[in-house]
Amino acid sequence: MDSNDGWFQAYAIRGSIVSVTRFFHPVLASRSLKKGPARVQIAGQKFALWRDGSGRAAAVADACPHRKAPLSQGRVRPDGRLACNYHGWHFDAEGSGCSPSQPELTRCDTAAYQIVEKFGYLWLSERDTPASTFPLTRWHGFDLAGSFSTLFQAPLHVALDNFSEDEHFPFVHFFLGWNEDGLRQLEFKGQNYGDRTEVLYRGPQRASVWLPLLGARSGDLFQNEWVTRFDPVRAVFTFHWFDPKTGVERPLVTRTAVFMVPQTETTTWFHIFIFSKIGSPFYRLLKPLVHATTTLIGSGTCGTTRIGSCTWPTHP
Ligand code: FES
Ligand SMILES: [Fe+2]
């Protein structure tokens with residue numbers, strides 16, 4: 001067990017403690033789980049993922065119940081069971097274990113988890129987490145433009161802070177939103193609710209060669225509105241551009257779901273899903289280009305890269 005184990009395996013919610021894996025978290029792009037097993041980690045807790053004989057993804061705790069060898073270093077047997085590479089105990093997707101040297105042994109099961117494969121990712125939760133709590137939906141009129149993952153060298157609360165304000169836009173992002181002068185013209189609304197926060201910024205879009213690809217123009221009003229929820233921690237940002245004189249909305253709206261998954265006490269995985277709604281036939285013809293542009297812009301530099309060498313308080 002290393003120093004990160006067990007540091008943050010629960011969230012405190014309204015006075016009660018619930019396991020962090022009570023909620024679905026995206027953990028790995030589907031394409032990254034091939035024939036062999038893989039390790040993922042949520043809040044210091046390690047899991048071994050693999051695909052069983054039918055190609056279905058499965059997950060168990062990444063510590064063999066026999067002598068704690070990491071099952072992610074094991075192998076997938078021809079029958080689809082995950083075998084430990086120390087003494088060969090092997091497990092199915094329910095965590096039911098078998099010892100090759102003592103097949104009669106009954107106490108060799110391990111903890112198993114639910115894996116759901118959606119939006120090109122593997123999502124992990126406790127086995128009894130209801131499917132109805134799955135945290136990402138396909139919004140009406142929106143198409144998935146792209147997705148990607150990035151590991152931030154910052155704890156969850158610092159990463160979340162970066163995704164809770166837009167004052168950094170002129171200094172971090174190469175295109176998005178306002179420049180430094182525009183900062184003083186921002187309209188802001190923020191509201192906290194029991195289960196979420198809602199924020200809106202609106203201000204002048206800076207000039208850029210990228211704007212025509214998005215159906216926007218220099219001088220447009222750019223609006224970023226988002227909702228942050230905590231079960232699991234994620235924020236959904238919606239970007240609009242408007243004609244500043246008429247208030248008419250430009251043809252492209254993007255909606256980006258950012259899942260912030262604590263890996264260790266000092267690192268946070270971001271798994272990001274970018275959707276777009278294209279409201280004009282002309283721009284629909286350019287959909288692959290518009291999707292590539294929105295994904296490129298969405299994957300631009302983030303503020304935590306500017307502060308990554310700092311030392312953070314880890315237990316706020
Ligand atoms: S440690 Fe896994 S079988 Fe012994
Ligand atoms: Fe940013």
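This is a short tutorial dialogue on reading the strands and sheets of a predicted model.

Q: Where do I start, and how many helices and strands does the chain have?
A: Start with the inventory. The chain has four helices and 19 strands. Of its 316 residues, 34% count as buried.

Q: What share of the contacts join residues at least 24 apart?
A: Take contacts between residues at least 6 apart in sequence: 55% of those in the chain join residues at least 24 apart.

Q: Now a single strand, please. Is β12 mostly covered or mostly open?
A: Strand β12 spans residues 121–125, and five of its five residues are buried, so the strand is mostly covered, with "buried" meaning 20 or more other C-beta atoms within 10 Å of a residue's own.

Q: Which residues of β12 point which way?
A: The general idea comes first. In a regular strand the side chains alternate between the two faces of the sheet. Here, Tyr121, Trp123 and Ser125 point one way from β12, while Leu122 and Leu124 point the other way. Residues of both sets are buried.

Q: Which strands pair with β12?
A: To read pairing, look for the partner strands, their direction and the bridges. Strand β3 (residues 25–29) pairs with β12 in the antiparallel sense over four bridges, and proline 26 has tryptophan 123 of β12 as its bridge partner. Strand β11 (residues 112–118) is also antiparallel to β12, over five bridges. There, isoleucine 115 stands opposite leucine 124.

Q: What links β11 to β12?
A: The two strands form a hairpin, with two residues between them. In the turn, phenylalanine 119 has a positive phi of about 55°.

Q: How do I read the order of the seven-strand sheet?
A: Walk across the sheet from strand to strand. This open sheet runs β13-β19-β18-β17-β16-β15-β14, with antiparallel pairing. Its edge strands are β13 (143–152) and β14 (187–192), each pairing on one side only. Neighbouring strands of the sheet are turned by 15° against each other on average, direction ignored. Inside that order, six bridges join β17 (residues 233–242) to β18 (residues 252–262). One bridge matches valine 236 with alanine 257 in β18.

Q: Why is one side of β7 and of β10 left without a neighbour in the sheet?
A: These two belong to an open, antiparallel sheet of four strands, ordered β7-β8-β9-β10. Strands β7 (75–76) and β10 (97–98) stand at the edges with a single partner strand each, so one side of each has no neighbour in the sheet. For β10, strand β9 (residues 90–91) pairs with it in the antiparallel sense over two bridges, and phenylalanine 91 has glycine 97 as its bridge partner.

How values were computed
Residues numbered from 1 in each chain as written. Chains lettered and ligands numbered in written order. Predicted model: local features only at pLDDT ≥ 70, side-chain atom pairs only at ≥ 80, totals over all residues. Buried ≥ 20, exposed ≤ 12 C-beta atoms within 10 Å, placed from the backbone. Contact = placed C-beta atoms within 7 Å. Pairing = 2+ DSSP bridges. Axes fitted to C-alpha atoms, helices over the stretch in contact; angles between N-to-C directions.
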